[in-house]
Amino acid sequence: MADAYDLVVIGTGPGGYVCAIRAAQLGLKTAVVEKRKTHGGTCLNVGCIPSKALLYASEKFEEAVHAFAGMGIGIDTPKLDVAQMLAFKQEGVDGNVKGVEFLLKKNKVDVFFGVGRIAAAGKIEVTAEDGSKQTVETKNIVIATGSDVAKLPGVTIDEKVVVSSTGALELASVPKKLLVVGAGVIGLELGSVWRRLGSEVTVVEYLDRILPGMDSEVAKQFQRILSKQGFAFKLSTKVTKVETGKGGTKVTVEPSAGGAAETLDADVVLVAIGRTPYTEGLGLAELGIETDKRGRIPVDVHYRTTVPGIYAIGDVIAGPMLAHKAEDEGVAVAEVLAGKAGHVNYDVIPNVIYTSPEVASVGRTEEELKEAGIAYNVGKFPFTANGRAKVNHTTDGFVKFLADAKTDRVLGCHIVGPEAGEMIHEAAVLMEFGGSSEDLARTCHAHPTRSEAVKEAAMAVEKRAIHM
């Protein structure tokens, strides 16, 4: 039996390892339990990090094929080496997971590799790969086990022909026809990767729109941009059957509301209908911890479950399934355990889609403000009117601010455009300090930059944009 700890975190994804490091910084004797052979969870191993590597590489390939000539750069026709692209991706993954390993060692966090089960409050049974077991004693436990791929009823994922996001990151060749089930972030990002490399991409979505939960104006314009790039969309449509054979895959679809079915051919089917909390094998039922109808663990404002000494963060609790949300919760719970005032502002959590152009948002959408009965003003500025975007031929998209009609406090910001994921943080910092659109409008921005579009959108709230 290992020595007792102040805290043991189950899972070393972004929420778990950040929680452990912050706890160690605050003087708590800390350990982590990880079932993988590497740290970083889904995000670093088979999610955020590898997908961004392929998005970056595929974007460069598409630029070389279609854009270089127009800029006066003459090259031979680029040749695609999928194996080398996957190696490039893996090199980035390896560097990141080794970085987490180094940080845990640097902060003197002990590591137990194996599957963790909470035997009782204060006791974790760790089963190693060889089947051996050991018990780790601790004053506090944080569950940070993340999420798993949501399954499509009646469809078997083999990670070869019918793939999840994990398999879509490992395809050995470019499928001629890729059918994506789900028009959310994961489906659109990975669909973008393979479309740039030559796939015909069709997206099937049960709802009547893409990107559910995002501002509807943003979603509509972004769909137009993706359609122009070559995406085909079948909205208000559900998949009822997927049949695989030597000749490829046949996918039966029909209107979500019911109606005549049709069959679509595909070489690869990507199931990207979301993710579900991963709590399998933790022993929650035996502990008396009940999950909600979506499988999430209920917690209070300090991330405490119904069992004293057991906490939960990240994808296993309510809120957006985002790595940075989990990280902030990890810091907050570590600070609470150390007697400090850990806190997460859920009104200011950015969300980014790393396509080209990118889509980023923070705060409320127009639909949410209308539903809440909050009067607001809108300021918009298109990238077609931005000098840097014009000269670089990257004019798709716009910046949109939503500000309280009475106080001018910024309630939301939405960006479709190049590097939107970087620009959104200007709005996030503004909102964290309760800033107004005028505060941003009066802040000098360098010229020529795309960020000038952010300033102009803030100016447009009071109808005083200069370049539109």
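Here are some worked exercises on side-chain pairs and helix packing in the structure above.

This is a predicted model, so local features need pLDDT of at least 70 and side-chain atom pairs count only at pLDDT 80 or more, while totals for chains, interfaces and linings use all residues. Residues are numbered from 1 along each chain as its sequence is written, and side-chain values use heavy atoms, with hydrogens and water left out.

**Exercise 1. Classify the aromatic pairs.**

Step 1: recall the description. A pair of aromatic rings is described by the distance of the centres and the angle of the planes. Rings of Phe, Tyr and Trp (its six-membered ring) pair if their centres lie within 6.5 Å; planes under 30 degrees apart count as stacked, over 60 as edge-to-face and the rest as tilted.

Step 2: apply the rule. It yields two aromatic pairs. For Y5 and F112, the ring centres are 6.1 Å apart and the planes stand at 85°, so this pair is edge-to-face.

Step 3: place the pair in the fold. Helices (H or I, at least four residues) and strands (E, at least two) are DSSP runs, numbered from the N terminus. Y5 belongs to strand 1 (residues 2-10) and F112 to strand 3 (residues 110-113), so the pair ties together parts that are 107 residues apart in sequence.

Step 4: check the burial. Buried means under 20% relative accessible area, exposed over 50%, and partly exposed in between (1.4 Å probe, protein chains only). Y5 has 6% relative accessibility and is therefore buried; F112, at 10%, is buried too.

Step 5: turn to F231 and F233. Their ring centres are 5.9 Å apart with planes at 15°, so the pair is stacked. F231 is buried at 5% relative accessibility, and F233 is buried at 17%.

**Exercise 2. Find the charge that lies over the face of Y5.**

Step 1: set the test. A charge sits over a ring if NZ of Lys or CZ of Arg is within 6 Å of the ring centre and within 35 degrees of the ring normal.

Step 2: read off the result. K29 lies over the face of Y5, at 5.1 Å from the ring centre.

**Exercise 3. Work through the salt bridges.**

Step 1: count. With a salt bridge taken as a side-chain nitrogen of Lys or Arg within 4 Å of a carboxyl oxygen of Asp or Glu, there are 25 salt bridges.

Step 2: look at K151 and D148. Their side chains meet in a salt bridge at 3.8 Å, N to O. K151 is exposed at 53% relative accessibility, whereas D148 is partly exposed at 29%.

Step 3: look at E217 and K400. The closest N and O atoms of this salt bridge are 2.7 Å apart. E217 sits in helix 7 (residues 216-229) and K400 in strand 21 (residues 398-404), 183 residues apart, and the pair links distant parts of the chain. E217 is partly exposed, with a relative accessible area of 25%, while K400 is buried, with 0%.

Step 4: look at E438 and R442. This salt bridge has its closest N and O atoms 2.7 Å apart. E438 is partly exposed at 30% relative accessibility, and R442 is exposed at 61%.

Step 5: look for shared partners. Salt bridges with partners in common join D215, E217, E366, K380 and K400 into one network.

**Exercise 4. Describe the two sides of helix 7.**

Step 1: check the length. The expected span of a helix is 1.5 Å times one less than its number of residues. Helix 7 has 14 residues and reaches 20 Å from its first C-alpha to its last, close to the 20 Å expected.

Step 2: list the buried residues. In helix 7 these are V218, A219, F222, I225 and L226. They cover an arc (from the directions of the helix axis to the C-beta atoms) of only 125° around the axis, which puts them on the same side of helix 7.

Step 3: turn to the other face. Away from the buried side, helix 7 carries the exposed residues K220, R224 and K228.

Step 4: name the neighbours. With contact meaning heavy atoms within 4.5 Å, the buried residues of helix 7 pack against helix 6 (185-196), strand 11 (232-234), strand 19 (358-363), strand 21 and strand 22 (410-417).
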